[in-house]
Amino acid sequence: MTAGFDPLATWQAAEQHRARGEDAAARAAFERLATHPEWVAPARLRLGHLALAQGRLRDAVAEALAARAADEADPVVLEAIVELLCQVGELQAALELAQSPALRDAPDPAVQQGLGQRLSEQSFAAEARPFLQRARALGADNPTLHYQLGLTALYAGEPDAAEAAFEACLARQPLHGAAHRQLAKLRTATPAKNHVDRLRAAIARAGENHPDAPPLYYALFKELDDLGDTAAAWPALEAGMRARRRQVSYDPAAEQAVFDQLMRVDGQGANTQAEPGPAPVFILGQPRSGTTLLERILGGAPGVADAGELRDFGFQLRWCADLAGPPGPDLALLAAAERVDPAELGRRYLGHTQWRAGGKPLYTDKLPANFLWLGHIARALPQAKFLHLVREPMDVCFSNLKELFAGAYPHSYDQREMAGHFRRYQALMAHWHAAFPGRVLDVPYDALVTRTEDVAREVLAFLGLPPAPGVADIARRTGVVATASAVQLREPVHARFLGQWRRYETQLQPLRLALQTP
């Protein structure tokens, strides 16, 4: 360090440059500050965010890991490092840092709650819960905290605790739409116990343009549907879809262009050298097609760890392409992916996910949208196998339409747009079957819920595993289920969702016609 170096003044100058959008000057100042032993972590944090904003994902990852390695004791800074690690896909490092004594014992309730939210957002629900509980014990008492506590209790299979937490959220924020919706999903509504009147009153207060109007309408639909009042339920669902569609950005033509580009991916130049260690099994398809059910079943087999919905492949493809961006494919990333070394991509993915196997030879990656990446995954990971859930089109499309997704699947709020997406998905899956013969096993949802043991045996054989009697008894399994199907997967396997769309056959004619149109 040069004589007269003033780290505080340097930080203030760097912040001023950053605020004015003078990125080069800000970067130079933060780089200089990172040479001071007491400022390494905050300076590297800022450099990481600058890199991320400029699309330089490799630099962002390097800065996040450098901040993680710094000698830093301030819990607020450490929490910010956890957040950045999550943003750049370094989830194992984020989880390890979050569980360090400096953060576990932090006396600040805001830090504890923030860590709980970060981990919950990354599907570490079991790990998130103690942080949220500590935040409450330290005096935090806000709607978001109670809602997050409700989610972690729900995912842990504790419906009474979840209900109490969601009600506590609503006591503090009566129009918290997500809490209303989770309460509706928690149990089957009955004439003796339901929230229909409260939901209608909340909708009347909020109005259809309120940000929380969609979950309120979806909650009302769920309860009216449970009660068999389909005449009143459908208008609630339609209103919810309209309100949500106004909130999301979706361009069918842009999606078609992405699918067209994906259809060009084949096995030419694929990696042929499998890396050692646990091998991934990708469970994919449309959401609400039974992917979580199949993962839950396979997780009962001795040789399979159910790792949940992992976002690592998209992160690592973006790292290899050095192109930050959204989790899904876009044309810029697909163009850059043509220059990516499949072997390096495979190693990066395994290096970020094999720890989840827990010593078992196989682990599942159950992100439904990985059907988009199937070709790139197959090229990078010769040992990977794919289980594709296939559900009757009307059933799966209706199941998507009646589910409110958090920041995903923007095509699912309009019948014709849902049908268009589904037809593109069918064409892409046909392409993957042709391009990678023998790598993909179609698993029919109807058979999965009616001949569960037989289908499980066929799937295990495809994975090279022996039969595992009793795997279909998912109701006896413990552990976290952090998906939209969390409640259903505490029950025995059932077939009551087969043909569910027929309850609304007349209202769903636009969907049916669009699915049939060439």
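The buried residues of helix α6 are L91, A93, A94, L95, L97 and A98. In this predicted model, the helix runs over residues 91–98, and because 6 of its 8 residues are buried, α6 is largely enclosed by the rest of the structure. Among the elements that cover these buried residues are α4 (57–69), α5 (75–87), α7 (101–104), α8 (109–121) and α9 (125–137).

**The chain as a whole**

Helix α6 belongs to a protein chain with 26 helices and 5 strands. For 518 residues, a compact globule would have a radius of gyration near 24 Å, and the chain agrees with this, because its own value is 24 Å. The C-alpha trace spans about 80 × 55 × 45 Å along its principal axes. Of the 518 residues, 54% are buried. Where contacts join residues at least 6 apart in sequence, 72% of them link residues at least 24 apart. The accessible surface amounts to about 21500 Å², and carbon and sulfur atoms account for 53% of that area.

**Charges and salt bridges**

The chain carries 55 positive and 60 negative charges, and the mean positions of the two sets lie 3 Å apart. Side chains of opposite charge can pair when their charged atoms come close. In the whole structure, 28 salt bridges are found. The table lists three of them, with the distance between the closest N and O atoms.

| Salt bridge | N to O distance |
|---|---|
| R187 and E163 | 2.8 Å |
| R503 and D225 | 3.0 Å |
| E505 and R512 | 3.1 Å |

R187 forms a salt bridge with E163. This pair links distant parts of the chain, 24 residues apart: R187 is placed in the loop between α12 (177–186) and α13 (196–206), while E163 belongs to helix α11 (residues 159–172). R187 counts as partly exposed because its relative accessibility is 30%. E163, by contrast, counts as buried, with a relative accessibility of 17%.

R503 forms a salt bridge with D225. R503 lies in the loop between α25 (452–462) and α26 (509–516), and D225 in helix α14 (residues 213–226), so this pair ties together parts that are 278 residues apart in sequence. R503 has a relative accessible area of 42% and is therefore partly exposed. D225 is buried, with a relative accessible area of 18%.

The side chains of E505 and R512 also meet in a salt bridge. E505 is partly exposed at 30% relative accessibility, and R512 is partly exposed with a relative accessible area of 27%. Elsewhere, salt bridges that share partners join D160, E163, R187 and K193 into one network.

**The surroundings of H176**

H176 is found in the loop between α11 and α12. Its relative accessible area is 11%, so H176 is buried, the limit for that class being under 20%. When its neighbours within four places in sequence are left aside, H176 is in contact with P143, Y147, C169, L170 and D212. One of these partners, Y147, is 29 residues from H176 in sequence, and the two C-alpha atoms are 9.0 Å apart in space.

Conventions: Residues are numbered from 1 along each chain as its sequence is written. This is a predicted model: local features need pLDDT of at least 70, side-chain atom pairs count only at pLDDT 80 or more; totals for chains, interfaces and linings use all residues. Side-chain values use heavy atoms; hydrogens and water are left out. Helices (H or I, at least four residues) and strands (E, at least two) are DSSP runs, numbered from the N terminus. The radius of gyration is taken over C-alpha atoms; the globule rule is 2.2 Å times the number of residues to the power 0.38. Buried means under 20% relative accessible area, exposed over 50%, partly exposed in between (1.4 Å probe, protein chains only). Contact means heavy atoms within 4.5 Å. Accessible areas come from the Shrake-Rupley method with a 1.4 Å probe; for residues, only the protein chains shown count as cover. Lys and Arg count as positive and Asp and Glu as negative; His and the chain ends are not counted. The place of a charge is taken as NZ of Lys, CZ of Arg, CG of Asp or CD of Glu. A salt bridge is a side-chain nitrogen of Lys or Arg within 4 Å of a carboxyl oxygen of Asp or Glu.
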